[in-house]
Amino acid sequence: MIHYSQKTKNFTLISKQTQLTLAVLESGHLCTMYFGKKIGEVDLNYLLAHQRDANYMAFADGIVDFQPEILPLTFPSFGHPDLRTPAFQIMHENGNRISDFRFESYKIHEGKPPLKGLPSSHVSGKVQTLEICLKDQTKEEFLFLFISVFEDYDVMSQHIVFENRTAQSVVIKKMLSLNLPFLQDHYELVTLGGAWGRETHVDVRQLHMGSQGIDSKRGISGHGQNPFVALQEIGTGEEHGEVYGAGLVYSGNFVATAEVDMHENVNLQLGINPFDFSWTVLSGESFTTPEAVFTYSDQGLNKMSHIFHRFIIDCILPPLWKNKERPILVNSWEAAYFDFDRPVLLELAKASAEVGAELFVLDDGWFGQRNADNSSLGDWEPNEEKLGGSLESLVEEVNNLGLSFGIWVEPEMISPKSNLFEKHPDWVISCEGYTPQLSRNQMVLDVSREDVQEYIIEKMDRIFSIKGISYVKWDMNRSITDAGSLRLEAYQQEEQAHRYVLGLYKIFETLTTRHPDILFEGCAGGGGRFDLGTLCYTPQVWSSDCTDPITRLSIQKGLSLFYPSITMGSHVSAVPNHQTGRITSLETRGAVAMAGNLGYELSIPDLETSEKEEVKKQIAFYKKNRELIQFGIHYRLQTVHPENEKAWMKKSRNGKMIYVTYISILSTPNTLPKRLRLLGLEEGAYYKNVETGERYLGSELLNIGLVLPKITSDFSSAEWIFEKQ
Ligand code: DGJ
C-alpha cells in the first residue's frame with residue numbers, strides 16, 4: 001500500500017510487515033523518516049523536531065537553524081549546504097557542481113516500470129510504485145525516484161532516473177541507486193567478501209564515525225566484494241535482532257557504504273561506483289541507475305535471508321526458470337582440464353550416465369587451438385580434430401547416452417593468440433598508447449561497442465542453436481584493467497565501465513530471449529560475478545573455483561545470507577583437492593555440495609567401484625529430495641562451537657520435509673556429543689527420522705535438539721531427513 005497524506009505531507013509505503021515513510025518538508029526537501037517494522041500510517045513529522053538543535057551547520061534558505069545536513073534526506077546532494085557524502089553529483093558546463101532538488105510532484109503506479117537498458121525485478125503479487133519527482137531550484141533538471149513495494153514479499157526497491165531538460169549537456173559524476181538514512185548508528189555492517197577461491201565470506205564490523213564499506217573497481221562485481229550489504233543491530237543473531245539488508249541489481253563497479261555523521265546518524269548508500277565514472281547526459285536525455293532492493297527483518301539474519309530468497313526466486317530469476325528443478329551435472333573441467341579427446345569425453349559421459357547424472361558439461365578447451373589457457377578465446381569454432389568429429393555429432397552421442405549436453409563459453413574475452421585478435425586488435429579494452437595488461441593470458445573485448453556485441457551474439461547464437469545443447473556455462477576469467485575504449489570520445493572514457501555492463505546485458509537479453517529453454521549458469525572464475533544483475537539472465541551461478549568442502553562452508557554460508565540455494569552451483573571434486581590439497585571423505589564432499597545445485601567435477605571413470613556406488617547413492621538421494629534441497633527454506637543453525645562446526649537445514653515449502661546437515665571440521669579428543677537445535681518446526685507436530693523411524697516432537701527438536709554423533713575424524717559430516725507426521 002502506498003498513500004500520501006496532503007495534511008502531513010507524509011508518504012507511507014507499507015508491505016505485509018515493513019514500512020517506509022517519507023516526508024516532504026515545507027522547504028520541499030524530501031526526508032526518509034522511518035524504515036523498519038510496520039507501524040501504520042501516522043504523522044512522523046515530530047521526529048525532526050530536535051534536528052535543529054545541532055551546532056555549527058550551515059543554514060538553508062536563510063532560515064536560522066534550518067540545517068539540512070542533520071536531516072535524514074532521501075537523496076542528498078553535496079554542498080548546498082549538506083556536507084555529508086552525497087547520493088549524486090552533477091557537473092554543469094560552467095563548472096558548477098551544486099544542485100538543489102526539491103519536491104515537485106508524485107504519481108503512484110500499479111506494478112512497476114521497466115528500467116531502460118538494465119535488468120530489474122519483475123512483478124509478483126501486489127506491487128505498487130511511488131514515483132517522486134524532484135526538481136532543481138535553478139535549472140530544468142529532474143530526479144525521479146521510483147520506489148516499488150512488493151507487498152507480499154516485504155521487499156522494496158528503488159532506482160533513479162535523472163532527466164536533463166536544459167539546453168546544455170551535463171556530466172553526472174555520481175548517481176547512486178539508494179540512500180537509506182537512519183536516525184542512530186548502533187549497528188554493525190555486514191558484507192560478503194574474500195578473493196578468488198574464497199569468495200563471499202561473511203564480514204561483520206561495528207560502525208565507527210566516518211565512512212566505511214566495500215566497493216568494486218574491477219569492471220565486474222568481483223570476488224573481493226559482493227554487491228550486498230546489511231546493517232544489523234549490535235548483538236543480532238540468526239534468529240533475533242533487527243537487520244536492514246540491501247542488494248544491487250548490477251554486475252559492474254559498485255559501492256556500498258555506511259557513513260556515520262557527527263550526530264551519530266548513519267546513511268547506507270548503494271549504487272554504481274563513482275570512482276572512475278562519469279556520464280554525459282545530453283540536452284533532452286536521461287540516465288537510469290540500476291535498481292537496489294532492500295528489506296527489514298525483526299528476527300535476525302535467517303528471516304532477512306528468507307525474505308530475499310523468496311523474492312530473488314520469484315522476482316529476479318528469469319520467470320521460466322524460477323520453479324524449475326535443476327539437473328545433476330558432471331563437468332569436464334577438473335576431470336580433464338584441457339587434456340581430452342572424444343574417447344576421454346565419452347568415457348566420462350558414459351560413467352556419468354551410469355551413476356545417474358543428467359547433464360554432461362563440456363568445459364573449456366573445445367574450440368580453436370585451445371589446449372591451454374593461452375590461446376583462441378574469440379575463435380568460437382569447434383576444434384573438430386580434438387573433438388574427433390563435429391560438435392553436433394558429439395552432442396548427439398552424449399544425448400544418446402541419456403544425458404543432456406552443456407557447453408562452456410567465455411564470450412567477453414580475446415586471446416592475443418587468436419584469429420580474432422589478428423583481425424580486430426582495436427576491439428580490445430585499452431587506453432591509447434598503452435599495451436593492455438594480460439591476466440590469465442587474455443584481454444577483454446570492448447563489449448561497449450556494438451560491433452563487438454553483434455559478433456558475440458552471432459557466434460554464440462550459432463553454438464546455442466546446436467540441437468541437443470540445453471545448458472551453457474558463461475564464464476569471464478579476469479577483471480577489467482586498462483579501462484578505456486578506442487571507439488568512445490575522450491569525454492566518454494569514464495563511461496566505459498558502465499557501457500560494458502549495458503553491452504553485456506544487451507547480449508544476455510538477446511541470447512536468453514532467443515534460447516529460453518537453455519539453462520544458463522553464470523561464472524567469473526567462480527563467484528566473481530555472483531550478483532542480482534547476472535541472476536536476471538542466468539538462474540544459477542558457479543559459486544567458486546574452490547570445491548574443497550571445508551572452504552566451501554564459508555563461501556556457501558556467505559552466499560546463503562542473500563542468495564537462495566537454487567542459484568548456487570555446488571560440486572563434488574577429487575581429493576586431494578586441487579586448490580587446498582585437503583583430503584576429505586566423499587560423504588562430506590557430497591553433504592556440502594548438496595546444499596545447492598549438485599554436480600560432479602572429477603574423473604568418474606577413475607573412481608574405485610565402491611566410490612562409484614557411493615556417488616550413485618548420493619545422486620539417488622539428491623533426486624529424491626531435489627525439490628526440498630533446491631527450493632526448501634534454508635536455515636543456518638547455531639552450533640556449540642561455531643568456528644569448528646557448521647550446520648544448516650532445509651524445510652520444504654509445505655513444511656513436510658526437513659533435511660539437516662552437520663559438519664565438524666577438526667575432531668577433538670575426549671568430547672561428548674552435543675545437541676543441534678532445529679528451527680522453523682511446528683512445536684506440536686511429530687517429525688519422523690526417515691532412515692531410523694524415530695519420532696520426535698517439534699518442540700523437542702526446537703528446544704533440546706538432535707543428538708549429534710560422536711566425531712572421531714576430521715572433516716566429518718552427518719545428515720538427517722525428517723518427515724512431518
Ligand atoms: C574458470 C571456471 O570457474 C572454471 O570452472 C572453469 O570453467 C575454467 N574457468 C575454465 O577455463
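Analyst: A polar contact is a pair of N or O atoms within 3.5 Å. Keep that cut-off in hand for the ligand. The model is predicted.

User: What makes the pair formed by Asn 477 and the ligand a polar contact?

Analyst: An N or O atom in the Asn 477 side chain is 3.2 Å from a nitrogen atom of the ligand. The limit is 3.5 Å, so the pair counts as a polar contact.

User: How do you know that Asp 475 makes one with a nitrogen atom of the ligand?

Analyst: The distance from a side-chain N or O atom of Asp 475 to a ligand nitrogen atom is 2.7 Å. That value is within 3.5 Å, so this pair qualifies. Asp 475 is also among the residues that come nearest to the ligand.

User: Which atom of the ligand does Trp 408 face, and what makes that pair a polar contact?

Analyst: The partner is an oxygen atom of the ligand, 3.1 Å from a polar side-chain atom of Trp 408. Set against the 3.5 Å limit, the pair is a polar contact.

User: How many residues lie around the ligand, and which come nearest?

Analyst: There are 13 residues around the ligand. Asp 363, Asp 364, Lys 473, Asp 475 and Asp 545 come nearest.

User: Now the helices. Why is H3 called roughly parallel to H5?

Analyst: Helix H3 (residues 342–355) and helix H5 (residues 391–400) cross at roughly 25°, and their axes come within 10 Å. Angles under 35 degrees count as roughly parallel, so H3 is roughly parallel to H5. The H3–H5 crossing is right-handed.

User: Which residues of H3 and H5 meet, and how do they divide by class?

Analyst: H3 brings Arg 342, Leu 345, Leu 346 and Ala 349; H5 brings Ser 393, Leu 394, Glu 397 and Val 398. By class, 5 are nonpolar, 1 is polar and 2 are charged.

User: What makes H10 and H11 roughly parallel?

Analyst: Helix H10 (residues 549–562) packs on H11 at an angle of about 15°, with the axes 10 Å apart. The angle is under 35 degrees, so H10 is roughly parallel to H11. This crossing is left-handed. Pro 549, Arg 552, Leu 553 and Gln 556 of H10 meet Thr 588, Arg 589 and Val 592 of H11. The contact holds 3 nonpolar, 2 polar and 2 charged residues.

User: Why is H11 called roughly parallel to H12?

Analyst: Helix H11 (residues 586–593) and helix H12 (residues 609–624) pack at about 25°, with their axes 11 Å apart. That angle is under 35 degrees, so H11 is roughly parallel to H12. The crossing of H11 and H12 is right-handed. Leu 586, Glu 587 and Gly 590 of H11 touch Glu 611, Glu 614, Val 615 and Gln 618 of H12. Those residues divide into 2 nonpolar, 2 polar and 3 charged.

User: Which bond joins His 80 and Pro 81, and what is its omega?

Analyst: A cis peptide bond joins them, with omega about 5°. Pro 81 sits in the loop between strand S4 (30–37) and strand S5 (88–91). Another cis bond runs from Val 575 to Pro 576, with omega near -10°. Pro 576 is in the loop between strand S29 (568–573) and H11. Most peptide bonds are trans.

User: What makes Ser 376 worth a mention for its phi?

Analyst: Ser 376 is not a glycine, yet its phi is positive, about 80°. Most residues other than glycine have a negative phi. Ser 376 lies in the loop between strand S22 (359–362) and helix H4 (384–387).

How values were computed
Residues are numbered from 1 along each chain as its sequence is written. This is a predicted model: local features need pLDDT of at least 70, side-chain atom pairs count only at pLDDT 80 or more; totals for chains, interfaces and linings use all residues. Side-chain values use heavy atoms; hydrogens and water are left out. Axes are lines fitted to C-alpha atoms, for helices over the stretch in contact, and angles run from 0 to 180 degrees between N-to-C directions. Helices (H or I, at least four residues) and strands (E, at least two) are DSSP runs, numbered from the N terminus. Angles under 35 degrees count as roughly parallel, over 145 as roughly antiparallel, 65 to 115 as roughly perpendicular and the rest as oblique. A crossing is left-handed if the near helix is turned anticlockwise from the far one by less than a right angle, and right-handed if clockwise. Contact means heavy atoms within 4.5 Å. Ala, Val, Leu, Ile, Met, Phe, Trp, Tyr, Cys and Pro count as nonpolar, Asp, Glu, Lys and Arg as charged, and the others, Gly among them, as polar. A residue is near a molecule or strand if one of its heavy atoms lies within 4 Å of it. A polar contact is a pair of N or O atoms within 3.5 Å; within protein, one must be able to donate a hydrogen and the other to accept it, and residues adjacent in sequence count only if both atoms are side-chain atoms.
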